Amino acid sequence: MGIYGDAPAEVEGRLREICRELPEAYEEPAWAGLCWRVRRRTVVRLLTVQRDWAPDFGDERGGTDRRTVLTFKTLAGESASLAACGFPFYLLGWGHDSVGMVLSGDTDWSEVRELVTDSYCTVAPRMLVARIARPP
């Protein structure tokens, strides 16, 4: 296998469940891994990378040579706050609102649901965003 691989089936399944709740969101293969989109705009991307492939994919606490990464967009001003939290979050280095999160056995999936929903809300048309029940 090259530097990119398939994410674990359990992780793909959990992300599918989250994205299935987003109006008009659909899954497709990306240049690496999988992505979920709405009207041709990327909501999130899921991929597995080699640890030494690029330093942008998190710090050394990933635990293995391969790490599963979720990339997403943030609401205005939240990318710096997430990056300041440190591992498992980091800035991707492209765009002011693009963040990565290393997924592991310790991942809080309720937090992932919130981040995916926020990412959707940054790229989806307002009429679709209005259909989502979001906590205050």
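Helices, here runs of H or I in DSSP of at least four residues, are numbered from the N terminus, and in this predicted model the helix α1 covers residues 9-20 and holds both Arg 16 and Glu 12, which lie four residues apart, about one turn of the helix. An α-helix has 3.6 residues a turn, so residues three or four places apart point the same way. The side chains of Arg 16 and Glu 12 indeed meet in a salt bridge, with 3.3 Å from N to O. Glu 12 has a relative accessible area of 14% and is therefore buried, the limit for that class being under 20%, whereas Arg 16, at 26% relative accessibility, counts as partly exposed.

Arg 16 also forms a salt bridge with Glu 27, where the closest N and O atoms are 2.7 Å apart. This second pair links distant parts of the chain, since Arg 16 belongs to helix α1 and Glu 27 to strand β2 (residues 25-29), with their positions 11 residues apart in the numbering. Glu 27 is partly exposed, its relative accessible area being 33%. Through shared partners, the salt bridges join Glu 12, Arg 16 and Glu 27 into one network. The count of salt bridges in the model comes to seven.

Another of these contacts involves strand β5. The side chains of Asp 97 and Lys 73 meet in a salt bridge at 3.6 Å, N to O, and this pair likewise links distant parts of the chain, with Asp 97 in the loop between β6 (89-91) and β7 and Lys 73 in strand β5, 24 residues apart. Asp 97 counts as buried at 17% relative accessibility, while Lys 73, with a relative accessible area of 26%, is partly exposed.

Strand β5 itself spans residues 66-73, and six of its eight residues are buried, so the strand is largely enclosed by the rest of the structure. With strand β4 (residues 41-50), β5 pairs in the antiparallel sense over seven bridges, and within this strand Leu 70 is the bridge partner of Leu 46. Strand β7 (residues 98-103) is joined to β5 by six bridges, and these two strands also run antiparallel; here Ser 98 in β7 is the bridge partner of Lys 73.

Helix α3 comprises the 15 residues 109-123 and reaches 21 Å from its first C-alpha to its last, close to the 21 Å expected at 1.5 Å a residue. Buried residues in α3 include Trp 109, Val 112, Leu 115, Val 116 and Tyr 120.

Key:
Residues are numbered from 1 along each chain as its sequence is written. This is a predicted model: local features need pLDDT of at least 70, side-chain atom pairs count only at pLDDT 80 or more; totals for chains, interfaces and linings use all residues. Side-chain values use heavy atoms; hydrogens and water are left out. The expected span of a helix is 1.5 Å times one less than its number of residues. Buried means under 20% relative accessible area, exposed over 50%, partly exposed in between (1.4 Å probe, protein chains only). Two strands pair if DSSP finds at least two bridges between them. A salt bridge is a side-chain nitrogen of Lys or Arg within 4 Å of a carboxyl oxygen of Asp or Glu.
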